[in-house]
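Open the structure in your viewer and keep the selection tool at hand. This tour moves from the whole chain to single residues.

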Amino acid sequence: SVLTISTDSGSKRDVEKILAKWNGKGAGILVATERVLPYLPDLIPCIVVASVDSYLGIPEYLASESACILLSELRARSEAVFVLQSRNKEHRAMKAI
């Protein structure tokens, strides 16, 4: 099953319900934005970051630094597999990870 968490997911309680459903099954796919980070368990078997280029393309001075922090946190939580999709593997944020 595929569960989704985004800025439209509602309150903190709603997010916690979705995560409890995801954790309870022991399998499935969780598609989420960075909003879910505080609620995730410490270790996750497989993390896939799709299209990190869109995050790096945000016209913000600290976009690269924010991306690097986010990716570092996700990589630290990855128990076995961490997959990062990018068209620009030479970007300094990609090299740092």
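## The whole chain

Start with everything shown as a cartoon: the protein has 4 helices and 4 strands. Keep in mind that this is a predicted model. Follow the chain from the N terminus, and the elements come in the order β-α-β-β-α-α-β-α. Now look at the overall extent. The C-alpha trace spans about 40 × 30 × 20 Å along its principal axes. Color by accessibility next. Of the 97 residues in the protein, 29% are buried.

## The largest pocket

Select Leu30, Val31, Ala32, Ile47 and Val48. Of the residues lining the largest pocket, these lie nearest its centre. The whole lining counts 29 residues, and the pocket holds about 840 Å³ of space.

Which elements each supply at least two residues of this lining? Highlight them in turn:

- helix α1, residues 12–25
- strand β2, residues 29–32
- strand β3, residues 44–49
- helix α2, residues 52–56
- helix α3, residues 63–77

Stay on β3 for a moment. Strand β3 gives the most to the lining, with 6 residues. Then color the lining by class. You should find 22 nonpolar, 6 polar and 1 charged residues.

## A salt bridge in α3

Select Glu73 and Arg77 and show their side chains. They form a salt bridge, and the closest N and O atoms are 3.2 Å apart. The count for the model comes to 1 salt bridge. Why are the two partners about one helical turn apart? Glu73 and Arg77 are separated by that much because they sit 4 residues apart in helix α3.

Is each partner buried, or partly exposed? Glu73 has 30% relative accessibility, so Glu73 counts as partly exposed. Arg77 has a relative accessible area of 15%, so Arg77 is buried; the cut-off for buried is under 20%.

## A nonpolar patch

Switch to a surface view and select Val2, Ile29 and Val31. Together they form a nonpolar patch on the surface, with about 260 Å² of accessible area. Val31 also appeared in the pocket, among the residues nearest its centre. Now click on Ile29. This residue belongs to strand β2. Ile29 is partly exposed, with a relative accessible area of 49%; exposed would need over 50%.

## Three single residues

Go to Val36 first. You will find Val36 in the loop between β2 and β3. Is Val36 buried or exposed? At 5% relative accessibility, Val36 counts as buried. Now add Glu16 to the selection. Val36 and Glu16 are 20 residues apart along the chain, and their C-alpha atoms are separated by 9.2 Å.

Move on to Ser54, in helix α2. Its relative accessibility is 53%, so Ser54 counts as exposed. Add Arg35 and draw a line from C-alpha to C-alpha. Ser54 and Arg35 are 16 Å apart in space and 19 residues apart in sequence.

Finish at Glu79. This residue sits in strand β4, which covers residues 78–84. Glu79 is exposed, with a relative accessible area of 52%. Add Pro45 as the last selection. How many residues lie between the two positions along the chain, counted as a separation? Glu79 and Pro45 are 34 residues apart, while their C-alpha atoms are separated by 4.7 Å.

Key:
Residues numbered from 1 in each chain as written. Predicted model: local features only at pLDDT ≥ 70, side-chain atom pairs only at ≥ 80, totals over all residues. Heavy atoms only, no water. 1 Å grid on protein atoms, 1.4 Å probe; cavity = no way out; pocket = protein on both sides within 12 Å on 5 of 7 lines; lining within 4 Å. Points joined across faces, edges and corners; volume = space filled by probe spheres on them. Nonpolar A, V, L, I, M, F, W, Y, C, P; charged D, E, K, R; others polar. Salt bridge = Lys/Arg side-chain N within 4 Å of Asp/Glu carboxyl O. Buried < 20%, exposed > 50% of the residue type's maximum accessible area, 1.4 Å probe, protein only. Patch = residues over 30% accessible without salt bridge, like charges linked within 9 Å, V, L, I, M, F, W, Y side chains within 5 Å. Areas by Shrake-Rupley, 256 points an atom, 1.4 Å probe, with all protein chains shown as cover.
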